Amino acid sequence: MSNLTNPSPSAATLVIVAHPDLEKSRINKRLTTELEQRGNVTVHRLYETYPDEKIDVAREQALLTAHGRIVLQFPLYWYSSPALLKKWMDLVFEQGWAHGKGGDKLKGKELLIAISSGGTGSMYQAGGFHNYSYSELLRPFQQTANLTGMIYRPPFVVSGIREVSDEQLEKYAADYAVYAEGQPVLSRA
Ligand SMILES: Cc1cc2nc3c(=O)[nH]c(=O)nc-3n(C[C@H](O)[C@H](O)[C@H](O)COP(=O)(O)O)c2cc1C
């Protein structure tokens, strides 16, 4: 994991990268290395940290506490996240910590979602091949933000990955670094 360089927890970004095989990835690998090279955010490669998928809940909660902006980055798998990110949320967003009585530890933090998808943007609309928009499919994350008092931001989407040229991917990577630091980027979805 890259070091936390931002001294203010409220302005610091934690990026949870959930890709089961980042070395073989094209899109998420490039997005991740861009953030790591710039060094302005904390990058947490979930599958590499937990190859046995045994999540250290206290460690993850401490990481979340130290950051004010949380980015969940993953390839869209079956209209959702890869399984380890779901497990991470199931275990880390505990009752009494993230929600319920006394569960206010995520309150006021920003939640950002960064996804890549094989389908093109035009497929993700009513009447299109996949029928539903990315915003609709990401509702569980949005409502998780609502329940935990987080502020949900518009997602960053790299869609139609087979049509993304190397040159376009470089532009996406630069835009993503801006996005992860909390600044608005025009959506390309
Ligand atoms: C198990 C699995 C499920 C997938 N499900 C979807 C999906 O629901 N929608 C979609 O657009 N692409 C889907 N894809 C394509 C991935 O989103 C795509 O390969 C990935 O975003 C590419 O990013 P990468 O180069 O970082 O691996 C799926 C791929 C796999 C392996």
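# A first look around helix α3, the ring pairs and the ligand

The buried residues of helix α3 are covered by a group of elements that includes β1 (13-17), β2 (42-45), α2 (46-49), β3 (69-75) and α4 (83-92). Covering here rests on contact, meaning heavy atoms within 4.5 Å. The helices (H or I, at least four residues) and strands (E, at least two) are DSSP runs, numbered from the N terminus.

Two notes will help you read on. This is a predicted model, in which local features need pLDDT of at least 70 and side-chain atom pairs count only at pLDDT 80 or more, while totals for chains, interfaces and linings use all residues. Residues are numbered from 1 along each chain as its sequence is written, and side-chain values use heavy atoms, with hydrogens and water left out.

## Helix α3 and the strand β2 residue Thr-42

Which residues of α3 are buried? In this helix, which spans residues 57-65, they are Glu-60, Gln-61, Leu-63 and Leu-64. They sit on the same side of α3, because they cover an arc of only 155 degrees around the axis; the arc is that of the directions from the helix axis to the C-beta atoms. Buried means under 20% relative accessible area, exposed means over 50%, and partly exposed is in between (1.4 Å probe, protein chains only). As background, an α-helix has 3.6 residues a turn, so residues three or four places apart point the same way.

At the start of α3, Asp-56 brings a side-chain oxygen to within 3.3 Å of the backbone nitrogen of Ala-58.

Strand β2, one of the elements covering α3, holds Thr-42. With a relative accessibility of 2%, Thr-42 counts as buried. Its side chain makes a polar contact of 2.8 Å with the side chain of His-67. A polar contact is a pair of N or O atoms within 3.5 Å; within protein, one must be able to donate a hydrogen and the other to accept it, and residues adjacent in sequence count only if both atoms are side-chain atoms.

## Aromatic rings

How many aromatic pairs does a search of the whole structure find? The search gives 9. One of them joins Phe-156 and Tyr-176, whose ring centres are 5.1 Å apart with planes at 40 degrees, so the pair is tilted. Rings of Phe, Tyr and Trp (its six-membered ring) pair if their centres lie within 6.5 Å; planes under 30 degrees apart count as stacked, over 60 as edge-to-face and the rest as tilted.

Phe-156 belongs to strand β6 (residues 156-159) and Tyr-176 to helix α7 (residues 166-180), so this pair ties together parts that are 20 residues apart in sequence. Phe-156 and Tyr-176 are both buried. Phe-156 also pairs with Tyr-179: the centres are 5.3 Å apart and the planes stand at 40 degrees, so this pair is tilted. Here the link again runs between distant parts of the chain, from Phe-156 in strand β6 to Tyr-179 in helix α7, 23 residues apart. The relative accessibility of Phe-156 is 5%, and Tyr-179, with 7%, is buried too.

Elsewhere, ring pairs connect Trp-78, Tyr-79, Tyr-124 and Tyr-134 into a cluster. Tyr-79 lies in the loop between β3 and α4 and has a positive phi, near 60 degrees, in a residue other than glycine. With a relative accessibility of 34%, Tyr-79 counts as partly exposed.

## Around the ligand

Tyr-124, a member of that ring cluster, brings us to the ligand. The ligand is surrounded by 16 residues, and the closest are His-19, Ser-25, Asn-28, Ser-116 and Tyr-124. A residue is near a molecule if one of its heavy atoms lies within 4 Å of it. Both α1 (27-38) and β4 (110-117) supply at least two residues each to this shell.

| Side chain with a polar atom | Distance to an oxygen atom of the ligand |
|---|---|
| Asn-28 | 2.8 Å |
| Ser-117 | 3.5 Å |
| Tyr-124 | 2.7 Å |

Taken alone, the ligand exposes 640 Å², and the protein buries 72% of that. Accessible areas come from the Shrake-Rupley method with a 1.4 Å probe; for residues, only the protein chains shown count as cover.

## Two further residues

Glu-53 is found in the loop between α2 and α3. Its phi is positive, near 60 degrees, in a residue other than glycine. A relative accessibility of 31% makes Glu-53 partly exposed.

Ala-174 is in helix α7 and, at 29% relative accessibility, is partly exposed. Not counting residues up to four places away in sequence, Ala-174 touches Glu-34 and Arg-38. The C-alpha atoms of Ala-174 and Arg-59 are separated by 30 Å, with their positions 115 residues apart along the chain.
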